[in-house]
Amino acid sequence: MAKQDKEFVKEITPQAQDYSQWYLDVILKAQMMDYSPVKGCMVIRPYGFTLWENMQQGLDRRIKETGHKNAYFPLFIPESLLQKEADHIEGFAPEVAWVTHGGNEKLAERLVVRPTSETIICEMYSRWIQSYRDLPVLINQWCSVVRWEKVTRPFLRTSEFLWQEGHTAHRNEEDAEEETLKMLEVYRDFVENDLAVPVVTGKKTDNEKFAGALRTYSIEALMSDGKALQAGTSHNLGEHFAKVFDITYLDSDGELKYVWQTSWGVSTRLIGAIIMVHGDDRGLILPPKVAPTQVILVPIAPKKVREEVLPKVAAVYEELKAAGIRIEMDDREEYSPGWKFNEWEMKGVPLRIEIGPRDLESGQAVLARRDNGEKVTVSLAELKDSVSSLLVEIQSNMFAKALAFREENTRRTDDYEEFKRIIAEKRGFVVSHWCGDSSCEQAVKEETKATIRCIPFNQEEGSGTCLRCGAKSDSLVYFARAY
RNA sequence: CGGGGCGUAGCGCAGUUUGGUAGCGCACUUGGUUUGGGACCAAGGGGUCGCAGGUUCGAAUCCUGUCGCCCCGACCA
């Protein structure tokens, strides 16, 4: 980043100086969120929430296209329900918020504010499911959940966060596994295509899997500081919950059987991923598909020509808006064009159109891309088409750029000393052989702070030797320091 | 839960060492001049200095306590 650029954004700490301060500066200055009076909770401001709404649209469409319907389950869960599944309660007990009183009266049974909804949903499924003809049950809900976190970071980990959680019930293991993988693929498709964030897909180790799950799969993304972020998870819950919640059905063979279940979710954490994958020292860079504002139109209208310029610029605004482009016009008189350029760049708007007297004389407009800073001049007649194709181009360039970064920062070694060096000095993903023993996994974590992000589906090599213990290993895994 | 940092105007800070009229920059308001990469001039408004005790003639400043927030680590979407 040129020195000149830094001067434009004196309010933002450069990434190289202090990455987490950069992150906080950006989201506050861009008005994505603000801190609330409640510790660990944040206010998602309109700019951030519009981004979330756009993300919801893209994902909700995909969830529905794969046959799921939305529903809503209660915020409160009786203590007794949460406690039914042993692993589950053990996993979540430390971070649940309790409701003990209604008004002034103490409740007969404490309620938890849902940290996730498996238990309450299972309770209902046990009532709804009788026959194999009732299966599969494919339900999703958009809601917020509460986990009393000790350490919080805006979007990445807050005490309350927004998400969607899908909960399905199936006839057998094959169907449940198919569903689990199908939804992971939905997430991959959504995150890569709409958010322009490349992900690695794979299975979680037993240590890292969801409390109460048989198997957990995840999509893992690499942030621009070299740390990994779990961007979404999909769990095959097996029959664990069905057995404790007694969710049974009469199969066609006349036998009473337990259902196989899945659950899967992504959260507002994805907003953190967008920020950290694409942002730079000048601020946010938002992917066109979900950006609250795709195009910012800045008229250059000195007083003497304002009356000529503004109506023409307004006409351009109307034309692009009618074409379905999320465009805004910044015709505020109290700010200079330069100020507006910096402001909207900081907010990550993918494309800027400048139209001033000189442009109107020659019937053109200046387009400036946020992703690479390039400026091009196009005729007003071609503007609509140029804008549309540039937005597509920006979206794919952002993905390509992020993918290139991830490739550059994914390193392959089975040499533990080299592994430690990479994790300490360069970070990023390190792909290594692992024997499958959780004590090796634990040791690597203690010694390097790197965890196994996932066992990728893509296994390009045959067997080898575990990087920590040297024993025979059949699978490569992704290691990284993670958020 | 450990370690660190911070609470003074909307934001960022100075003032605290050595007690004595609460300040600066940005933002905001009004008027005017401006507009192709963060414009300028002038005049304004805005504060129980996180909170509670204490010491003192006098506390943002010293003492005691307390609350909150942020960051970094152990656990987690």
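1. Which are the buried residues of α14? In this predicted model, they are Tyr 416, Phe 419, Ile 422 and Ile 423. These four cover an arc of only 120° around the axis, and they therefore sit on the same side of α14. An α-helix has 3.6 residues a turn, so residues three or four places apart point the same way. On the other side of α14, by contrast, Ala 424 and Glu 425 are exposed.

2. The surroundings and the two ends of α14 can be described together. The helix spans residues 416-425, and its buried residues pack against β20 (410-412), β21, α15 and β25. At its start, a side-chain oxygen of Asp 415 comes to within 3.2 Å of the backbone nitrogen of Glu 417, while just after the helix Arg 427 adopts a positive phi of about 60°.

3. Helix α15 (residues 438-448) can be read in the same manner, its buried residues being Cys 440, Glu 441, Ala 443, Val 444 and Thr 448. They span an arc of only 165° around the axis, which means that they lie on the same side of α15. Their packing partners are α14, β21 (429-434), β22 and β25 (475-480). At the start of α15, a side-chain oxygen of Asp 437 lies within 2.9 Å of the backbone nitrogen of Ser 439, and the residue that follows the helix, Lys 449, has a positive phi, near 70°.

4. Strand β22 also takes part in a buried ionic contact, since Arg 453 lies in this strand (residues 451-456) and is paired with Glu 220 of strand β10. The side chains of Glu 220 and Arg 453 meet in a salt bridge at 3.2 Å, N to O, and the pair thereby ties together parts that are 233 residues apart in sequence. Both of these residues are buried.

5. Glu 220 has a further partner, for it forms a salt bridge with Lys 204 in which the closest N and O atoms are 2.7 Å apart. Glu 220 belongs to strand β10 (residues 215-222), whereas Lys 204 is in the loop between β9 (200-203) and β10, so this contact joins parts that are 16 residues apart in sequence. The relative accessible area is 0% for Glu 220 and 2% for Lys 204, so both count as buried, the limit being under 20%.

6. Which residue of the salt bridge between Lys 375 and Glu 354 is buried and which is exposed? Lys 375 counts as exposed, at 52% relative accessibility, whereas Glu 354 is buried, with a relative accessible area of 9%. The closest N and O atoms of the two are 3.4 Å apart, and the pair links strand β19 (residues 375-379), which holds Lys 375, with strand β17 (residues 351-355), which holds Glu 354, the two residues being 21 residues apart. Both also belong to a network of salt bridges that links Arg 282, Glu 345, Arg 352, Glu 354 and Lys 375. The count of salt bridges comes to 33.

7. On the surface, Tyr 72, Leu 75 and Phe 76 make a nonpolar patch of about 300 Å². Tyr 72 is placed in the loop between β3 (69-70) and β4 (76-78), and it is exposed, with a relative accessible area of 53%.

8. Tyr 72 is also in contact with Gln 141, a residue of strand β7 (residues 137-146) that counts as buried at 1% relative accessibility. Leaving aside neighbours within four places in sequence, the contacts of Gln 141 include Ala 71, Phe 73, Arg 114, Ser 117 and Trp 163. A polar atom of the Gln 141 side chain lies 2.8 Å from the backbone nitrogen of Phe 73.

9. Finally, Lys 384 is found in helix α13 (residues 383-408) and counts as partly exposed, at 34% relative accessibility. Apart from its neighbours within four places in sequence, Lys 384 is in contact with Glu 319, Leu 320 and Ala 323. Its C-alpha lies 9.2 Å from that of Ile 325, and these two residues are 59 residues apart in sequence.

Notes
Residues numbered from 1 in each chain as written. Chains lettered and ligands numbered in written order. Predicted model: local features only at pLDDT ≥ 70, side-chain atom pairs only at ≥ 80, totals over all residues. Heavy atoms only, no water. Salt bridge = Lys/Arg side-chain N within 4 Å of Asp/Glu carboxyl O. Buried < 20%, exposed > 50% of the residue type's maximum accessible area, 1.4 Å probe, protein only. Patch = residues over 30% accessible without salt bridge, like charges linked within 9 Å, V, L, I, M, F, W, Y side chains within 5 Å. Areas by Shrake-Rupley, 256 points an atom, 1.4 Å probe, with all protein chains shown as cover. Polar contact = N/O pair within 3.5 Å; in protein donor to acceptor, adjacent residues only side chain to side chain. Contact = heavy atoms within 4.5 Å. Arc of directions from axis to C-beta.
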